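Reader: I've got a structure open and I'd like to talk it through with someone. Could you take my questions one at a time?

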Amino acid sequence: MEQEKRVYIQKMKQKLAQQQVGDIVKKNKEAIRKKKGPPLGIREGKFDRGVDGDQLPPEEKGQLVRDERFPNGNEDEDNDRDDSVDGNLNLPPKSAGDDVIVDQTSSGPYDYFDPKRQYTEKQKAVQDAFKFAWKYYKQYAWGHDEYHPISKSHSEWFGVGLTIVDSIDTAIIMGLKDEYLDAREWVDKSLTFDKDKDVNLFEITIRALGGLLSAYHLTNDEVFKNKAKDLGDRLLPCFKSPSNVPFSDVNLKTGHAHAPRWGPDSSTSEVTTIQLEFRDLSRITNDNRYEHAVNVVSEHVHNLPKKDGLVPIFINANTGSFRSSATITFGARGDSYYEYLLKQWVQTGKKKDYLKKDYLDAIEGVKNHLLKESEPNKLLYIGELLGGRTFSPKMDHLVCFMPGTMALGYQNGLPKDHMDIATKLARTCYEMYNKMPTKLSPEIVYFNQAPGSSDDLIVKPLDSHNLLRPETVESLFYMYRFTKDKKYRDWGWQIFMAFMKYTKIEGGGFSSINNVKSPGNPGFKDKLESFFLAETLKYLFLLFSDDPQLIPLDKYVFNSEAHPMPIYNE
Ligand code: DMJ
C-alpha cells in the first residue's frame with residue numbers, strides 16, 4: 001500500500017514537472033515567434049553589458065603550394081592494445097532501425113548563464129583554459145582573425161574576427177558571461193562582411209556562419225541572425241557555376257567567385273560541408289535560397305558514380321565531375337563529406353533517405369577498402385586509396401572524427417557494427433596520443449603493417465606537429481555521452497593535461513607545436529588555431545559535463561566546427 005502510494009506520488013510529480021517544462025517551452029516558442037528576444041536567462045537587461053595537413057599522392061602534390069593559413073588542407077596546405085575496451089561498453093539494447101536516442105533527455109530552454117549552474121572540477125579546468133586563451137587573444141589580437149601567442153601578434157585570413165565568431169558559442173556553453181558579452185558587443189558594433197576580400201566558402205561557412213547561427217540558436221539574439229544572413233547573401237555567388245557545384249572562393253564585396261588559385265578543382269569535402277549551415281539559415285530566415293543552393297549540390301553529388309560509396313577528394317565546379325584519379329580518404333579534403341551525409345540526415349529528421357543510403361554505402365566502402373589493423377597490436381584504422389586505387393596505411397588525425405560520427409549513426413538507428421568499429425577506432429585515436437612521448441598526437445601517422453616490428457605507429461618528421469585539433473576529443477565526447485564509460489573521460493583528461501603541459505605559454509595563451517616526439521623541445525609554431533577554442537575546448541568541456549540537458553543530441557547536431565544547430569523534426 002505504502003509502495004503504491006509512493007509510486008503514485010512520484011508519477012504525479014513527474015507529470016507536474018513535465019507540464020511546467022511544457023509551459024516554459026510554449027512560452028519561449030511564443031516569444032521567439034513574436035520576435036520578443038532571447039530565451040530565459042539571456043534576456044536584455046538581465047546582464048549589465050552587453051589545419052588540415054595532408055600528404056597528397058604524387059599526381060596531386062605538384063599542384064599545391066604549402067600555405068599555413070589553411071590548416072584544413074582545403075586550400076594550399078599539405079600538410080598497448082587493451083582488449084578490455086570492447087567488453088566494457090555499456091550500450092543500450094538496440095537493433096538496426098531502432099531510431100530512438102535513449103540516453104538523451106531534452107527539455108525546455110537552457111539557462112547557460114544561470115549563476116546556480118554546477119560545474120565539475122574538470123569542467124572548471126577547461127573553462128580556465130578557455131579564459132586564459134581568451135584573455136591573451138583579447139589583449140594582443142582582438143578583432144583579428146588569428147592570434148600568434150609567441151610574437152603576440154595577429155594576422156588576417158578573411159578579416160572577420162574569426163577567432164571571436166568561431167568561439168562565441170563555446171563561451172555561452174561554458175557559461176562564461178564576460179567573454180560572451182565581449183564577443184557579442186564586438187559582433188554587434190564591429191563585425192562587417194563588407195570586405196574586398198576573397199574567402200574560402202567552406203572555411204568561412206563552418207567557422208563564421210556556423211558560429212553565428214549557433215550563437216543565435218543559443219541566445220535568440222537577432223544580432224547573430226542578421227549577421228549570418230548578411231554573410232549567407234555574400235556567399236551565394238559561389239553557386240553560380242555551370243554545374244551548380246560551388247566554386248571554392250568568393251570575394252565578399254564584389255561577389256566574384258572562382259576556383260582555388262592553386263588548381264582547377266574544388267575539394268569534395270568543401271562543397272559538401274556547407275549544407276547544415278545553409279539549410280539552417282533558410283529555416284531561420286524563411287528564405288529558401290540558401291537551402292535550395294546546397295540541396296542541389298548534395299543531390300548532384302549523390303548522383304555521381306562512386307567507388308563503393310567512397311568519393312575522390314576533388315570535384316570540378318565547371319563540369320560537376322569528380323577527378324577520378326584523385327585520392328580517396330577520410331582525412332583532408334574528404335572527411336566531412338561523410339560526416340555531413342549522416343548529420344544532414346539527422347538534421348532533417350531522418351527523412352532524406354538518399355543521405356542515409358549514401359552514408360551506409362560509404363561505411364560499407366570503408367569496410368571493404370580502407371579498414372585495416374596494425375601490427376603488432378591490431379589497432380583498427382582507416383587508410384587511404386592513393387589515386388583512388390592503391391592502399392596506403394596513412395591516417396590523418398582529422399580521421400579521428402569518425403568514431404564519434406559512427407557512434408552518432410548507431411544512436412540514430414544505424415547498424416550495431418558501426419558502434420563496434422567506432423569503439424575500436426576511438427581506442428586507436430587515443431593511442432595516437434598515448435604512444436607519443438608528449439602524449440599529444442602527431443598530425444599524421446602511418447600504421448605498421450609488417451609483423452615483427454614493435455611499434456604500431458610510424459611518424460614521419462614532417463608529420464610530427466600538433467595543431468591543437470579537436471577530432472579525438474570530439475569522438476571521446478560522443479563515446480562518453482552514449483556509453484557513460486569512464487575511460488573516455490580519463491583519456492580526454494590525459495589529452496587535456498598534455499595540451500596544458502606542452503602547448504600553454506605563460507603570459508601568452510596556447511600555441512600549436514612542431515614536434516610531439518620531442519618532449520624536451522616540442523617547439524612552438526606561434527599560432528592559435530580558432531578551432532582550439534571553437535571545438536577542442538568545447539568538446540572537452542562537454543565530455544566532462546554531468547548535465548544531460550547540456551546540448552542534448554536528440555535536439556542538436558554539431559556542424560563540422562562544433563557549432564550546435566537544431567534538429568528539424570517537423
Ligand atoms: C576544423 O576546422 C573542422 O573540424 C574541419 O571540419 C576539419 N578540421 C578542423 C579542425 O581540425
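Reader: Let's start with S560. Where is the place of S560 in the chain?

Author: Bear in mind that this is a predicted model. The UniProt annotation "binding site", from an unreviewed entry, covers S560. As for its place, S560 is in the loop between β17 (556–558) and β18 (564–566).

Reader: Is S560 buried or exposed?

Author: The cut-off matters here, since buried means under 20% relative accessible area. S560 comes out at 14% relative accessibility, so S560 counts as buried.

Reader: With which side chain does the side chain of S560 make a polar contact?

Author: Start with the contacts of S560, leaving aside its neighbours within four places in sequence: I206, T273, S336, E339, Y340 and E535. One of these is also a polar partner, side chain to side chain, at 3.0 Å. That partner of S560 is E339.

Reader: Now for Q347. Which helix is Q347 found in, and is Q347 buried or exposed?

Author: Q347 is found in a helix that covers residues 335–347, namely α12. Its relative accessibility is 0%, and under 20% is what buried takes. So Q347 in α12 counts as buried.

Reader: Which backbone oxygen lies 3.0 Å from a polar atom of the side chain of Q347?

Author: Leaving aside neighbours within four places in sequence, Q347 is in contact with Q275, L276, R279, D280, V557, P566, I567 and Y568. One of those residues offers its backbone oxygen to the Q347 side chain, with 3.0 Å between that oxygen and a polar atom. The backbone oxygen is that of L276.

Reader: On to cysteines. How many disulfides does the structure hold, and which residues are joined?

Author: A disulfide is a covalent bond between the sulfur atoms of two cysteines. The structure holds one disulfide. With an S to S distance of 2.1 Å, the joined residues are C400 and C429.

Reader: How many residues apart in sequence are the parts that C400 and C429 tie together?

Author: C400 lies in the loop between β12 (394–396) and α14 (402–411), while C429 is in helix α15 (residues 416–434). The pair therefore ties together parts whose separation in sequence is 29 residues.

Reader: And what is the handedness of the disulfide, given the torsion about the S-S bond of C400 and C429?

Author: Both ends are tucked away: C400 is buried at a relative accessible area of 0%, and C429 is buried at 2%. The torsion about their S-S bond is about -95°, so the disulfide is left-handed.

Reader: There's a sheet with β12 in it. Which are the edge strands?

Author: Three strands make up an open sheet, ordered β12-β13-β14, and the pairing is antiparallel. β12 and β13 pair over three bridges, and β13 (residues 444–447) pairs with β14 over two bridges. An edge strand pairs on one side only, and here those are β12 and β14 (457–458).

Reader: Which residue stands opposite F447 in β14?

Author: Side chains in β13 point two ways: I444 and Y446 one way, V445 and F447 the other way, and all are buried. On the β12 side, M395 stands opposite V445 in β13. On the β14 side, the residue opposite F447 is L457.

Reader: Last topic, aromatics. What kind of pair do the rings of W262 and F314 make?

Author: A search of the whole structure finds 31 aromatic pairs, so let's look at this one. The ring centres of W262 and F314 are 6.0 Å apart and their planes are at 65°, and planes over 60 degrees apart are what the label needs. So the pair is edge-to-face.

Reader: How many residues apart are W262 and F314, then?

Author: W262 is in the loop between β5 (257–258) and β6 (266–267), and F314 is in strand β7 (residues 314–315). Both are buried. The pair links distant parts of the chain, 52 residues apart.

Reader: What about F499 and F532: which helices are they in?

Author: The rings of F499 and F532 have their centres 5.7 Å apart and planes at 70°, so this pair is edge-to-face. Both residues are buried, and they belong to one aromatic cluster with F132, Y136, Y140, Y147 and F510. F499 and F532 are 33 residues apart, in helices α17 (residues 486–502) and α18 (residues 530–543).

Note on methods: Residues are numbered from 1 along each chain as its sequence is written. This is a predicted model: local features need pLDDT of at least 70, side-chain atom pairs count only at pLDDT 80 or more; totals for chains, interfaces and linings use all residues. Side-chain values use heavy atoms; hydrogens and water are left out. A disulfide is a pair of cysteine sulfur atoms within 2.5 Å. Helices (H or I, at least four residues) and strands (E, at least two) are DSSP runs, numbered from the N terminus. Buried means under 20% relative accessible area, exposed over 50%, partly exposed in between (1.4 Å probe, protein chains only). UniProt positions are given in the numbering used here, feature names are shortened, and annotations may be inferred rather than shown by experiment. Contact means heavy atoms within 4.5 Å. A polar contact is a pair of N or O atoms within 3.5 Å; within protein, one must be able to donate a hydrogen and the other to accept it, and residues adjacent in sequence count only if both atoms are side-chain atoms. Two strands pair if DSSP finds at least two bridges between them. Rings of Phe, Tyr and Trp (its six-membered ring) pair if their centres lie within 6.5 Å; planes under 30 degrees apart count as stacked, over 60 as edge-to-face and the rest as tilted.
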